Every structure is written in C-alpha cells, then in structure tokens.
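Student: Could you take a close look at one part of this chain for me? I'd like to start with a charged pair, then work outward from there.

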Amino acid sequence: MSEVKKIATRESYGNALAELGAEFDNLVVLDADLAAATKTGTFKKAFPDRHIDCGIAECNMMGIAAGIATTGKVPFASSFAMFAAGRAFEQVRNSIAYPQLNVKIGATHAGISVGEDGATHQCNEDVALMRTIPGMTVVVPSDDVEAKAAVRAAYLHEGPVYLRFGRLAVPVINDKPDYKFELGKGVVLREGKDVTIVASGLPVANCLEAAEKLAADGIDAKVINIHTIKPLDEDLIVASAKETGKIVTVEEHSVIGGLGSAVCDALAAKAPTPVCKIGVNDVFGESGPAVELVKKYGLDADSIYAKVKEFCK
C-alpha cells in the first residue's frame, strides 16, 4: 500500500497565493515578520512588489490591509492564528469587518498541532472569536486541495474572510475529480445511517479512519467535512441529524464556541438531536510533539473511534 501524501495547509496557503498572484494583479499580501513560517515567502519571491512585511505589528498590519482594501486591491493579511485573531481582534472587528472591507486574513499555526511552541501559540479560540464578528466568513480547510480552493474562493468572495491553516502536514483526502469547493457548503465524505460525524480541519482525515474502525464493529458512520464554519451548512447538518439521530462534532479547537457550538445552535433551533463534541475541553495546550498532542487531546483516529463508539451505545 502506497504512503498517503501529506502536506501542511500553511504550505498550501503560500502556494495558492503565488498561483493567484499570477492571475490577479490586484492581490497584495501582508505579513508580520513571519513570511518563512506562514509561507507567504512563496508569494514574496514571485511578486516582491506586492508583498509588504509589516514587522511584528499585527494590529497595525490589519489597519494597513483595511486601507489597501479601500483602493480596490484585495489584501491577504497573514500571521499566526494567535496573533491574527487574538492580538489583532479589535482591528479586525473595527477596521475591517465594521466597514465591511474586502480583507482576507490568512491565519496559520492554529490549534494544538503547533506542537513545541506551546500553549501561548496554540490558538484554540480563534474560530469562536471570528464567528462572533458580523459579516465574517470563517473557513477551516481539511487538506492541501481544499486549502488552495478556499484561498481562491476567499479572493473571489466580496467581504472579510478568516482562513485557518495548520503547521502539521495532514493527509490529502480531496484529490478527486469530482471534488467541488463552495463557501458555506459541507461535503459528505462517507454515507452512514447510525451516527453522523461532522468535522473540520486537521481531524477530518482521522474521522474517516475512525469510521472504518466503527464499521468493523457494525456502526455505520456518516462523515461530513464542514470547511466553512460560518456561514454553516445548516440544511446538510439538520438533514443528517434527522437521518442518523446522533451527531458527533470533531475539531482542533475548543469545544466552546467553535464548530461544535455552531452545530448545536443549528440543531437546537431546527432539529434537537443528541450531540457529542470532541475537541479541546476548556484547557490550554502544552509544549510537545504535534502528533503526540493530537493523540493526548483525543483527536487521533483511535480516540475518535472510541468516543463515537461509546456515544452510540
């Protein structure tokens, strides 16, 4: 059996920007002294005149991006999720979203898979923060194919977009001829009748593996990839809840305010259903190898399998 191809979605972000830059000369990229880490250096090498290093001044960078957007250009402001969503929250809210400016935020190094950088850099709260901002679109791609498609969709979308990327290389699962990316539309990766697993980002591939393990135990799990957290594909989630009767959400984010909360909001209003939320359980992360942290915090295939099996009893 051949090895599964793995690529970090931050790499996909850099590559997508370079590809789009060749197509659209109004695309501008800003970074906060992290071009090598966020991979915007790929764009900088190809289009040095359209790359602006703002230094370690993320709040100022968001203001600059807002100003650039008023000229008709499409700026992608890039930094680690902790800084893009956390440190610069006020500027994102007041300078970008309030005037409804066409700024795209590329937030890399999100979640516990940042690894050895530790709790201060492992942002597990960014989706919750960005979801609360009126008019903000929030996207969490699951692999290389989806990340590139998301960057293109963000460029074509009129309005602010928050794009969340990871540091750890993840399996490529969407390299199929019929794959289609559409903002606000979930993707059914596996049909099932006993339980629906709704996932975003890094854990999506692990959920597919967990579903195979569950099948061996006679549990038929449907798997849905929700790449757009806001606007959420409520129709798909409600229909799946009615079909299977149980929902499990899986995310590399706090169980408070992220995908799980968005799903629960929708179901409470439209189709009350038992829900099990799998994610970071109201704790800070810690320093350690990314793969080991993913396992410790219950986001690997074996842990997801065990939790879903217990939930289905």
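Tutor: Let's begin with Arg164 and Asp126, both of which are buried. Keep in mind that this is a predicted model. The two side chains form a salt bridge, at 2.9 Å from N to O. Arg164 belongs to strand β7 and Asp126 to helix α7 (residues 126–131), so this pair links distant parts of the chain, 38 residues apart. As background, side chains of opposite charge can pair when their charged atoms come close.

Now follow Arg164 into its strand. Its bridge partner across the strand pair is Ala107. That belongs to a parallel pairing in which 4 bridges join β5 (residues 104–108) and β7 (residues 161–164). Both strands sit in an open sheet of 7 strands, ordered β3-β2-β4-β5-β7-β6-β12, where the pairing is mixed. Strands β3 (51–53) and β12 (228–230) form the edges, each pairing on one side only. On average, and ignoring direction, neighbouring strands in this sheet are turned by 20° against each other.

Just ahead of β7 in the numbering you'll find helix α8, residues 144–156. Its 13 residues should span 18 Å at 1.5 Å a residue, and the end C-alpha atoms are 19 Å apart, which agrees. At the start of the helix, a side-chain oxygen of Asp143 comes within 3.3 Å of the backbone nitrogen of Val145. The buried residues of α8 include Asp144, Glu146, Ala150 and Tyr155.

Another charged residue worth a look is Glu58, in helix α4 (residues 58–69). Glu58 has a relative accessible area of 2%, so it is buried. Its side chain and that of Arg87 are joined by a polar contact of 2.9 Å. Beyond its neighbours within four places in sequence, Glu58 also contacts Ala32, Ser79, Phe83 and Ala88, along with Arg87.

Back to salt bridges: the count for the model is 17. Glu191 and Lys222 make one of them through their side chains, at 3.8 Å from N to O. Glu191 lies in the loop between β9 (187–190) and β10 (195–199), while Lys222 is in strand β11 (residues 221–225), so the pair ties together parts that are 31 residues apart in sequence. Glu191 is exposed at 52% relative accessible area, whereas Lys222 is buried at 6%.

For contrast in setting, try Glu286 and Lys296, a salt bridge whose closest N and O atoms are 2.8 Å apart. Here Glu286 is in the loop between β14 (275–280) and α12 (290–296) and Lys296 is in helix α12, 10 residues apart. Glu286 is partly exposed, with a relative accessible area of 28%, and Lys296 counts as exposed at 56% relative accessibility. There is also a network: Arg190, Lys193, Glu212 and Asp220 are joined by salt bridges that share partners.

The Glu191–Lys222 pair brought us to β10 and β11, which pair in the parallel sense over 5 bridges. Within that pairing, Ile197 has Val223 in β11 as its bridge partner. What about burial in β10? 5 of the 5 residues of β10 are buried, so the strand is largely enclosed by the rest of the structure. Val195, Ile197 and Ala199 point one way, with Thr196 and Val198 pointing the other way, and all are buried.

These strands are part of an open sheet of 5 strands, in the order β9-β11-β10-β13-β14 and again with mixed pairing. β9 and β14 stand at the edges with a single partner strand each, so one side of each is left without a neighbour in the sheet. Neighbouring strands here are turned by 25° against each other on average, direction ignored. Helix α11 (residues 259–270) packs on this sheet and touches β10, β13 (247–254) and β14, with a direction at about 145° to that of β13.

One last stop is helix α1 (residues 9–23), whose 15 residues reach 21 Å from first C-alpha to last, close to the 21 Å expected at 1.5 Å a residue. Among its buried residues are Arg10, Tyr13, Leu17 and Leu20.

Technical notes: Residues are numbered from 1 along each chain as its sequence is written. This is a predicted model: local features need pLDDT of at least 70, side-chain atom pairs count only at pLDDT 80 or more; totals for chains, interfaces and linings use all residues. Side-chain values use heavy atoms; hydrogens and water are left out. Helices (H or I, at least four residues) and strands (E, at least two) are DSSP runs, numbered from the N terminus. Buried means under 20% relative accessible area, exposed over 50%, partly exposed in between (1.4 Å probe, protein chains only). A polar contact is a pair of N or O atoms within 3.5 Å; within protein, one must be able to donate a hydrogen and the other to accept it, and residues adjacent in sequence count only if both atoms are side-chain atoms. Contact means heavy atoms within 4.5 Å. Two strands pair if DSSP finds at least two bridges between them. Axes are lines fitted to C-alpha atoms, for helices over the stretch in contact, and angles run from 0 to 180 degrees between N-to-C directions. The expected span of a helix is 1.5 Å times one less than its number of residues. A salt bridge is a side-chain nitrogen of Lys or Arg within 4 Å of a carboxyl oxygen of Asp or Glu.
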